[in-house]
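Welcome, and please open your viewer. Let us walk through this structure together, one selection at a time.

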Amino acid sequence: MKLPYDHTSKESIEQYGRLLLGKTLRELHPEAAEYSTGKGRMGQSVEKFHFGYNPNSEAEPDFAEAGVELKCTPLKQNADGSMVSKERLVLNIIDYVAEAQTTFKTSSFWHKNQLILLMFYLHENGVNVIDLIFKIVRLWNFPDVDRKIIEDDWNRLHWKMTHGLAHEISEGDTLYLGACPKGSKAGAEMRKQFVDGAPDAQQRAYSIKSKYLNTVILESLLHPEMCNGVFISEKQRKKIEKSVTQASNIVTSLDEYKEEETFEQLVERRFIHYYGKNVYEIEKMTGWEISNNPKSISNKVIHAILGVNTPKIREFEKANLQQKTIRLEPSGVLKESMDFSQIDYKEVVNEEEWEDSVWYETLTQRFLFIVFRKSADGDNKKAILEKVFFWTMPRKDLDVAKAFWKDIKEKVSADVFDDFWKLSNHRICHVRPKAKNSRDLTEAPSGRMVKKKGYWLNAEYILSVVKENTK
């Protein structure tokens with residue numbers, strides 16, 4: 001059968017894909033209604049009915065001759081009408097044994113996903129996939145400075161595969177490229193590892209993290225030919241402007257890297273000369289004026305040392321990197337536990353899987369810890385910069401955090417709100433009030449009003465992390 005596009009031309013494939021812009025699959029291909037629907041069926045339906053080839057799971061890109069992989073991925077609409085990525089972009093499943101024997105350039109990831117035809121559609125609950133409208137269609141590949149970080153991410157995952165540690169892979173291991181659980185139920189599908197004797201590891205797929213994908217969406221909105229019917233709210237328009245004017249890259253050229261240096265190593269290298277210096281000294285060394293505001297001083301120090309004179313750091317934004325400041329007492333003790341978001345009681349009781357929970361998503365992000373030692377006289381600018389390091393919670397600690405999450409879920413389901421894990425339990429996590437005052441309440445699943453509380457990591461645990469990373 002002669003195809004209505006040139007399957008060897010990436011431009012022809014993109015133009016043919018754009019026939020769906022502003023339309024549903026049913027409008028162009030009503031015969032698709034006979035095809036079974038469900039999660040994952042959008043991409044298969046587009047392949048089968050629009051592009052005219054049978055879906056497959058081959059290692060080659062979908063359009064092998066053109067080197068183009070097809071990915072359909074959902075958008076969600078915010079309250080203000082703007083659209084963002086609904087979820088991470090899931091790519092190919094990882095064969096731990098085969099992938100361990102490759103390099104980045106020969107990997108299944110790079111072979112299959114160098115050039116992607118991204119087709120974003122607007123998700124609507126309860127609507128058949130063939131009735132969902134396509135909003136953005138574009139060819140996309142990794143810019144050079146992003147590709148370097150993607151390669152760093154892949155190498156970190158590859159190291160675990162080659163050392164029989166695929167069972168310890170976490171989405172917090174990496175910045176842009178993730179390895180997300182993949183299967184009908186988390187943990188149900190297991191795969192052999194490269195190292196004999198290593199335990200089977202949960203099946204995972206390469207994925208592009210949703211925060212990074214949002215930067216692709218924002219950039220796409222600057223190109224009208226890629227979009228149709230995408231509402232840009234004033235809030236999102238400002239985001240687009242900020243992405244251009246209020247965020248700068250730490251690395252603007254690959255020449256800034258030393259040989260075999262990763263992005264994280266480059267960042268840490270730039271801080272080394274400032275260890276043991278207080279903020280007054282850092283001001284003199286960098287030529288930057290740093291305010292004495294305790295809430296912003298850490299962020300100002302980071303920007304001064306990295307030479308970023310915009311409010312946002314683009315690489316950190318794309319990676320959704322969590323910056324956390326740790327203020328040790330002059331004696332080296334840490335008094336302050338680390339706070340996170342308020343617990344949404346209605347949300348937590350509906351979280352069926354640990355891997356889909358807010359707390360799991362929080363803890364499996366990549367963190368950047370900035371460690372200061374306070375001055376005995378209380379002067380914030382006399383605080384000494386001790387260390388800066390990247391961190392992800394280890395698997396064994398995530399298991400404790402999972403038990404903590406289960407305890408919260410069970411007690412909220414039972415309408416019990418005064419018996420959560422406490423700091424005095426000497427575990428990794430605890431629950432603490434997060435209300436402004438006694439009248440600051442929130443609704444429980446039972447309908448009654450209860451005190452607001454939040455997720456915390458214990459000071460004792462955070463101090464152990466600092467000690468481990470400052471040896």
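The tour goes from the whole chain to one helix, then to some loops and cysteines.

**The whole chain**

Keep in mind that this is a predicted model. Start with everything selected and colour by secondary structure: the chain has 16 helices and 19 strands. Now turn the C-alpha trace around; along its principal axes it spans about 80 × 60 × 55 Å. The radius of gyration is 24 Å, which agrees with the value near 23 Å that a compact globule of 471 residues would have.

Next, switch on the surface. About 22,800 Å² is exposed, and carbon and sulfur atoms supply 47% of that area. Of the 471 residues, 49% count as buried. If you display contacts between residues at least 6 apart in sequence, 68% of them join residues at least 24 apart. Colouring by charge brings up 70 positive and 70 negative charges, whose mean positions lie 5 Å apart.

**Helix H3**

Select residues 41-50, which form helix H3. Is this helix largely enclosed or largely open? Seven of its ten residues are buried, so the rest of the structure largely encloses H3. Show the side chains of Met-42, Val-46, Glu-47 and Phe-49, which are among the buried ones. Then add the partners that the buried residues of H3 pack against: helices H1 (10-17) and H2 (25-28), together with strands E1 (69-77), E4 (116-122) and E5 (134-140). Step past the end of H3 to find Gly-52, which has a positive phi near 75°.

**Two loop residues**

Most residues other than glycine have a negative phi. With that in mind, go to Asn-320, which is not a glycine yet has a positive phi of about 55°. Asn-320 sits in the loop between helix H12 (314-319) and strand E12 (322-328), and with a relative accessible area of 26% this residue is partly exposed.

Now jump to Asp-415, another residue other than glycine with a positive phi, here near 65°. Look for Asp-415 in the loop between helix H15 (395-413) and strand E16 (429-433). Its relative accessible area is 25%, so Asp-415 counts as partly exposed.

**The cysteines**

For the last stop, how many disulfides does the structure hold? There are zero. Select Cys-72 and draw a distance to the sulfur of Cys-227, the nearest cysteine sulfur: the gap is 16 Å. Cys-72 has 18% relative accessibility and counts as buried. Finish at Cys-429, also buried, at 0% relative accessibility.

Definitions and conventions
Residues are numbered from 1 along each chain as its sequence is written. Side-chain values use heavy atoms; hydrogens and water are left out. A disulfide is a pair of cysteine sulfur atoms within 2.5 Å. Buried means under 20% relative accessible area, exposed over 50%, partly exposed in between (1.4 Å probe, protein chains only). Helices (H or I, at least four residues) and strands (E, at least two) are DSSP runs, numbered from the N terminus. The radius of gyration is taken over C-alpha atoms; the globule rule is 2.2 Å times the number of residues to the power 0.38. Contact means heavy atoms within 4.5 Å. Accessible areas come from the Shrake-Rupley method with a 1.4 Å probe; for residues, only the protein chains shown count as cover. Lys and Arg count as positive and Asp and Glu as negative; His and the chain ends are not counted. The place of a charge is taken as NZ of Lys, CZ of Arg, CG of Asp or CD of Glu.
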